[in-house]
Amino acid sequence: MRKLNDKIIGQNILFISTKNKDYIRNQQEIRLLRKNAEIYNEIVFSDKSYFKRILKVYAACLKTIWKKSDIIYVGFAPQLLVPFLKRWKKEKYVIVDFFISLFDTFVHDRKYVKEKSWIAKVLYKIDKITLNCCHYVIVDTQADRDYFSKEFHIPFNKMEVMYLEADSSIYDIHKYERKKMRVLYFGSVLPLQGVDVVLEAARILKTHRDISFIIIGPLKEMNENCYPNVIFYHWLPQKKLAEQIAIADLCIAGHFNKEIEKAKRTIPGKAYIYEAMKKPMILGDNEANHELFQEDLMHYYVEMGNARALAEKIIDVKNRWRKCHEKNIKAKK
């Protein structure tokens, strides 16, 4: 982050994002910019409706606030703004967080459109224009940087890796008490996350009475009778989520979908949160995860797409935890 810090320190910066303000990446970048900027302004909203947020962002961008800034830093989904406001590049220094590629997300990740379709070509073009209409690009992993450089022909020296960072003021293990053996998973249930692998592992372990699961995410039409060992939450605010993580003994990070290439190139945001709260976690065995996490007693790897391997790893970690837990109880006595 040294190069980015050199660019933003002491500057008048405007941060813009269409994602909700409490989104983990937004919070990380807001903290960074506020710390280094001489003057900081933002165009970011917290409306639950994404459509409303976009409309508010567009309306704010039409005002003159951006003209007072030295640097315009566009966060999540700069493709929705930068191609339509090319004049920014002529008048200001523009930095974008290319956290996702529209082409890669809709074609390879979610498979909404076919790779050779005209829609895919339009998405590719928007990604390309966005990258060409800025001066500097922030990405989340080295693997993504390599992919974007190869796919969109962007020079390495125009890109910098900024790994996700959890907000330690919220995700602080010292604020919470550890209670009992629990396995936790949360996510937005995107295809690349492989929540089906997590659910299958929970089903495999349903007869293990000393293992319980907390699964948080917008799952649809769940027959909870099939998962007597799981407590489901459709959604939790950040502080409630932090509380659930705090009482968990093992956290599931992923990603686990082995069919989607993007799942192998990205580090799940939840991994940074687990790390901030000093929680042991299970990760999908892929290139991106190995950039930051070495396999040890806090970081365990399993084959992507293998629910049986995940279940066996949970049992293995549980046995280690049980011995440690019993040792702590004896020590307190």
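Helices are DSSP runs of H or I with at least four residues and strands are DSSP runs of E with at least two, both numbered from the N terminus. The legends below use these names.

**View 1. The largest cavity of the predicted model, with helix α2 in its lining.** This is a predicted model, in which local features need pLDDT of at least 70, side-chain atom pairs count only at pLDDT 80 or more, and totals for chains, interfaces and linings use all residues. Residues are numbered from 1 along each chain as its sequence is written, and side-chain values use heavy atoms, without hydrogens or water. A cavity is a set of points on a 1 Å grid over the protein atoms alone where a 1.4 Å probe fits but cannot get out, and its lining residues have an atom within 4 Å of a point. The largest cavity is lined by D22, I24, Q27, R31, A166, D167, I170, Y171, Q238 and I273. Helix α2, which covers residues 24–36, supplies the largest share of this lining, with three residues.

**View 2. The largest pocket and the helices that line it.** A pocket is an open set of such points, with protein on both sides within 12 Å along at least five of seven lines. The lining of the largest pocket consists of 50 residues. Of these, K19, N20, Y23, S188 and L190 lie nearest the centre of the pocket. At least two lining residues come from each of the helices α3 (50–61), α5 (102–109), α6 (118–132), α9 (238–246) and α11 (269–276). Which helix gives the most to the lining? Helix α5 does, with four residues.

**View 3. A salt-bridge network of K21, R34 and E42.** A salt bridge is a side-chain nitrogen of Lys or Arg within 4 Å of a carboxyl oxygen of Asp or Glu, and the model has 16 of them by this rule. In the bridge between E42 and K21, the closest N and O atoms are 2.6 Å apart. These two residues join distant parts of the chain, as E42 belongs to strand β2 (residues 39–43) and K21 to the loop between β1 (12–16) and α2, 21 residues apart. Both are partly exposed (from 20% to 50% relative accessible area, with a 1.4 Å probe and protein chains only): E42 has a value of 23%, and K21 has 24%. The side chain of E42 also meets that of R34 in a salt bridge, at 3.7 Å from N to O. K21, R34 and E42 are thus linked in a network.

**View 4. A salt bridge between strand β4 and helix α2.** D97 and R25 form a salt bridge, and their closest N and O atoms are 2.7 Å apart. Because D97 lies in strand β4 (residues 93–97) and R25 in helix α2, the pair ties together parts that are 72 residues apart in sequence. Are these two residues buried (under 20% relative accessible area) or exposed (over 50%)? Both D97 and R25 are buried.

**View 5. The open sheet of six strands.** Two strands pair if DSSP finds at least two bridges between them. The strand order is β2-β1-β3-β4-β5-β6, and the pairing is parallel. Strands β2 and β6 (159–161) form the edges, since each pairs on one side only. Within the sheet, β1 pairs with strand β3 (residues 71–74) in the parallel sense over four bridges. The bridge partner of I16 in β3 is V74. Strands of a sheet pair through backbone hydrogen bonds, in either a parallel or an antiparallel manner.
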